[in-house]
Amino acid sequence: MFVRELALHDFRSWPRAEFTLTPGTTIFVGRNGFGKTNLLESLFYVATLRSHRVSSDRPLVRTGTDAARVRATVENDGRELTVDLTIPAQGANKATINTRPVRRTREVLGILRAVLFAPEDLALVRGEPGDRRRFLDELVAQLRPVAAGAKADYDRVLRQRSALLKSAGAALRRGGGQADSILSTLDAWDLQLADLGAQVTASRLAVVAQLAPFVTDAYASIAPHSRPARIAYRSATGPEVDSDPGGESSVEQIREVLAARLVELRSKEIDRGMCLVGPHRDDLLLTLGDEPAKGFASHGESWSFALALRLGSVELLRADGVEPVIMLDDVFAELDVKRRQLLAESTADADQLLITAAVAEDIPASVVGRRIGVGVLEQDDLRHSVVTADEAIGAETGDPAATGSPEPESAELGLPARESPEQEVDDD
């Protein structure tokens, strides 16, 4: 599988951009804040319908415009499909597949399968449960696109039920007959939450069961002298859910357990005005030996575990019959020399490898291919990204041989990178 064409319109820092890509390695080089990460982010959005950096779509739309557009043509075993996504600043996304409008945007899931390595991956080990749930849901969306629909429906029901819990608490404090009506309505929402929550949990359990051996093996190859790495699902619903193997046959069992827990916790939920049980409170437990990785793993072990999660994801997608596009977002700069080389070796056989780097020297010498320079122009007090060079790096000599567009004379490549971390997240 590989992306043959990528076109952007008003996506982040790119007013317009068109790239013709090929199998093999392509490296986007540019200083921090110049927009290279936005290119990988756009492809990851096509693969998962979410950004790897922000939780909402609004930052994806270029400042001063109404909508962003991403078009990607993906080739897989000789078959081409073109996904065209329109991401408005407000309102629902729209999508077409080969120019045919689709009723639901999530129908594009599965067309592009990708694994993205990024500096933010350290949060998978050291961060909050939400980071790990997000990681699992991204994998589920690519492996089981239908299950992504259950997750979206669950999130909608969760929001509505949470609002109802707050209303129930206020009504009970006021007294009167309104509380009885709200509690009766809450029964119906409990059934929906239990049903959708069971589907989400079963899908996650099945993916974790498949992923676990790949992660253990990947960690052992990265850190052979460290303790063994393992992953396991931890459900807030209860340990009886954790031991479930996942899959369609387990949905009914999980539904019954979750429904019972909702009844048991209703008073507490009304008091606190929030849902206290369900897949939105679950976690992926990472352990090294007998200890949790969070809080006990060293910095090097944490990075090794984060890499193992991504490398395991690659192997899981391969086992499912598809070679994913692998994207490395400035991750070499975060690693020591040994881990850089191990990552380069582990991803060398990808059908398509897309890399970003602020400094080309951060990339191991063994990584060769096409190099595209990314710079910025400043116009009307706004900065936007541009391509400044396109060259091939020879496999034998490592010397660049220009094959594409020359550097534009007007490109202000000397502009300093933005110092504000929040601004860099938006525009890098």
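1. Helix 9 is a good place to start. In this predicted model, 18 of its 21 residues are buried, so helix 9 is largely enclosed by the rest of the structure. Its length checks out too: at 1.5 Å a residue, residues 299-319 should span 30 Å, and the end C-alpha atoms are indeed 30 Å apart. After the helix comes G321, with a positive phi near 100 degrees.

2. Some numbers for the whole chain, to set the scene. I count along with the assignment here: 11 helices and 16 strands. Of the 428 residues, 54% are buried. Taking contacts between residues at least 6 apart in sequence, 70% join residues at least 24 apart. The accessible surface comes to about 19000 Å², and carbon and sulfur atoms account for 49% of that.

3. Now the antiparallel sheet. Six strands make up an open sheet, and their order is 2-1-4-5-6-7, with antiparallel pairing. Strand 2 (14-20) and strand 7 (100-101) are the edge strands; each has a single partner, so one side of each has no neighbour in the sheet. As a general reminder, strands of a sheet pair through backbone hydrogen bonds, either parallel or antiparallel.

4. Zooming in on the strand 2 edge: strand 1 (residues 2-11) and strand 2 run antiparallel and are joined by six bridges. If you want a register check, L6 has F19 in strand 2 as its bridge partner. Helix 1 (residues 36-48) packs on this sheet, where it touches strand 1, strand 2, strand 4 (67-76) and strand 5 (79-88). The direction of helix 1 makes about 110 degrees with that of strand 1.

5. Helix 1 deserves its own point. Its burial is 13 of 13 residues, so helix 1 is largely enclosed by the rest of the structure. The span agrees with expectation: 13 residues at 1.5 Å a residue should give 18 Å, and the end C-alpha atoms are 19 Å apart. Just after helix 1, have a look at L49, which takes a positive phi of about 60 degrees. For context, most residues other than glycine have a negative phi.

6. At the other edge of the sheet, the loop between strand 6 (94-97) and strand 7 holds N98, and T99 is in the loop between strand 6 and strand 7 as well. Neither is a glycine, yet N98 has a positive phi of about 50 degrees and T99 has one of about 70 degrees. Buried or exposed, where does T99 fall? T99 is exposed, with a relative accessible area of 73%. N98 has 37% relative accessibility, so N98 counts as partly exposed.

7. Going on from strand 7, V102 is in the loop between strand 7 and strand 8. V102 counts as buried because its relative accessibility is 12%, which falls under the 20% cut-off. Leaving out residues up to four places away in sequence, V102 touches A95, I97 and E107.

8. Next, the parallel part of the fold around strand 12 (residues 325-329). Five of its five residues are buried, so strand 12 is largely enclosed by the rest of the structure. In a regular strand the side chains alternate between the two faces of the sheet. For strand 12 both faces are covered: V325, M327 and D329 are buried on one side, I326 and L328 on the other. Note that D329 is in that buried set.

9. Which strands pair with strand 12? Strand 8 (residues 114-117) is joined to strand 12 by four bridges, and the two run parallel. A114 has V325 as its bridge partner there. Strand 13 (residues 352-357) also pairs with strand 12 in the parallel sense, over four bridges, and M327 has L354 of strand 13 as its bridge partner. Helix 10 (residues 337-347) completes a right-handed β-α-β unit with strand 12 and strand 13.

10. One last residue to click on is Q142, in helix 3 (residues 129-143). Its relative accessibility is 2%, so Q142 counts as buried. Setting aside residues up to four places away in sequence, Q142 touches A47, T48, G110, L112, R113, A114 and L317. Three of the elements above come together here: A47 and T48 are among these contacts and helix 1 covers residues 36-48, A114 is another contact and strand 8 covers residues 114-117, and L317 is also on the list with helix 9 covering residues 299-319.

Technical notes
Residues numbered from 1 in each chain as written. Predicted model: local features only at pLDDT ≥ 70, side-chain atom pairs only at ≥ 80, totals over all residues. Heavy atoms only, no water. Expected span 1.5 Å × (residues − 1). Buried < 20%, exposed > 50% of the residue type's maximum accessible area, 1.4 Å probe, protein only. Pairing = 2+ DSSP bridges. Contact = heavy atoms within 4.5 Å. Axes fitted to C-alpha atoms, helices over the stretch in contact; angles between N-to-C directions. Right-handed = clockwise from strand over helix to strand, strands pointing away. Areas by Shrake-Rupley, 256 points an atom, 1.4 Å probe, with all protein chains shown as cover.
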